[in-house]
Amino acid sequence: MRISSADIIVTSPSRNFVTLKIVTEDGVVGWGDATLNGRELAVASYLSEHVLPLLIGRDAHRIEDTWQFLYRSAYWRRGPVTMAAIAAVDMALWDIKGKVAGLPLYQLLGGASRVGLHTYGHASGRDLPELFDSVRATLEEGHRSVRIQTSIPGVRAVYGVASQAQSTGERYDYEPAGRGSQPAEEDWDTGAYLRHLPTVFEAVRNEFGSELPLLHDGHHRMTPLQAARLGRSLEPYDLFWLEDCTPAENQRALEVVRRNTITPLAIGEVFNTIWDFQHLIQAQLIDYVRAASTHFGGVSPLKKVMDFAAQYQIKSGFHGPTDVSPIGFAAQVHVGLAIHNFGIQEYMLHSSLTESVFDQGMTFVDGFLHPSDRPGLGVEVDEEAAAAFPYQRAYLPFNRLPDGTMHDW
Ligand code: GCO
Ligand code: MG
């Protein structure tokens, strides 16, 4: 079954998305997500200039061979742009295979291992009353686990706090990347953060009890020792995980953290390949794999890294922000349903504008997310609706320390 055409759709319903459409000679359509937040057009151009011409005439059924061909033949491997491009092709081909087979993707991956996926949602606030309201709203949305982010006294604007002024004024969840020609500048003070955060978790535990699973995202901002100290000071509040506590480039940092705390660790939303996880998994330095199908080369490598992680009792916690499109999100929901070592799924819910372009068939009932039972990924794109939302340049914010030093994400 040959590929007869491949096209890129760039659309911005609430936020930017890059979508690949592959069509076979007998008219089967496959969709893939190639969205790289803040650098979207680089992937669109990588695909249209260098990859799409290679796809025409290839056998759409040869998913693994096509993946290896795009990965190995380029000579320059890895990196977020390359891997998001390969991811889109991989997803689109799995979508086609499912449609031809008449089966949802999870059935091709071994079938369901559970009734549905437990999720966590985001809660945040400038102060405790606002945070508590946000936790309640997150629980009302159906989540049974909650990520807690908070403002820090004396620090003007902190990433991840929805109610803080963003440059766009849109709901933060939908668009953390502010539209405009320059990124927004936010503040950071690690000392103040390390002092404040345990008091917030203590208050949340007192308000919501000991059973609610709580998570926190450190956004790569600590040194190894700072992260170890935070992990230890949060131990009384029994976190489900502490995410991205140190910058991901220095993997040995996690050894320092691990030696000093039993707070579970999740990392990897900015990782691109299984090799980024090789040491962390083998040395058992993490508990959850944070990869996203879209930034990790697609469905095929996501399944492989989880099978590798399974040997070490490490579970999934796939990255699920709104900058992973409904297509990329569906792809990893199928993987999560099928694998044995599923942990939890981040679920931020896309805006209704996004859903007017991407028709998703998944369900979220009684705290369980379930992929669509339509054949393939189960997401269809309304191209006419997409055309009404042209690309708008957008950047994620960055942050500086109190003395003006540029700091880590
Ligand atoms: C998360 C992430 C997001 C990212 C965003 C960047 O855990 O959901 O850290 O908030 O910052 O996806 O594009
Ligand atoms: Mg994160």
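In this predicted model, the magnesium ion (ligand 2) takes its protein donors from Asp217 (OD), Glu243 (OE) and Glu269 (OE), which lie 2.0 to 2.2 Å from the ion. Read along the sequence, these donor residues of the magnesium ion follow the spacing D-x25-E-x25-E. Because Asp217 belongs to strand E8 (residues 214-217), while Glu269 sits in the loop between strand E10 (265-267) and helix H9 (274-282), the pair ties together parts that are 52 residues apart in sequence.

Glu269 also has a place in the surroundings of the other ligand. Around ligand 1 there are 16 residues, of which Asn37, Tyr159, Glu269, Asp323 and Glu346 come nearest. Sorted by class, this shell around ligand 1 holds five nonpolar, four polar and seven charged residues. The space that ligand 1 takes up is the largest pocket.

Among the contacts of ligand 1 are three in which one of its oxygen atoms pairs with an N or O atom of a side chain, as listed below.

| Side chain | Distance from its N or O atom to an oxygen atom of ligand 1 |
|---|---|
| Tyr159 | 2.8 Å |
| His219 | 3.0 Å |
| Arg147 | 3.3 Å |

With these side chains in place around ligand 1, the extent of its cover can be stated as well: on its own, ligand 1 has 340 Å² of accessible area, and the protein covers 93% of this area. Tyr159 thus appears twice in the description, as one of the residues that come nearest to ligand 1 and as the owner of a side-chain N or O atom 2.8 Å from an oxygen atom of that ligand.

Technical notes
Residues are numbered from 1 along each chain as its sequence is written. Chains are lettered from A and ligands numbered from 1 in the order in which they are written. This is a predicted model: local features need pLDDT of at least 70, side-chain atom pairs count only at pLDDT 80 or more; totals for chains, interfaces and linings use all residues. Side-chain values use heavy atoms; hydrogens and water are left out. A residue is near a molecule or strand if one of its heavy atoms lies within 4 Å of it. A polar contact is a pair of N or O atoms within 3.5 Å; within protein, one must be able to donate a hydrogen and the other to accept it, and residues adjacent in sequence count only if both atoms are side-chain atoms. Accessible areas come from the Shrake-Rupley method with a 1.4 Å probe; for residues, only the protein chains shown count as cover. On a 1 Å grid over the protein atoms alone, a cavity is a set of points where a 1.4 Å probe fits but cannot get out, and a pocket is an open set with protein on both sides within 12 Å along at least five of seven lines; lining residues have an atom within 4 Å of a point. A molecule sits in a cavity or pocket if more than half of its atoms lie within 2 Å of its grid points. Ala, Val, Leu, Ile, Met, Phe, Trp, Tyr, Cys and Pro count as nonpolar, Asp, Glu, Lys and Arg as charged, and the others, Gly among them, as polar. Donors are N, O and S atoms within 2.8 Å of the metal (3.2 Å for Na, K and Ca); water is not among the atoms, so sites may look incomplete. Helices (H or I, at least four residues) and strands (E, at least two) are DSSP runs, numbered from the N terminus.
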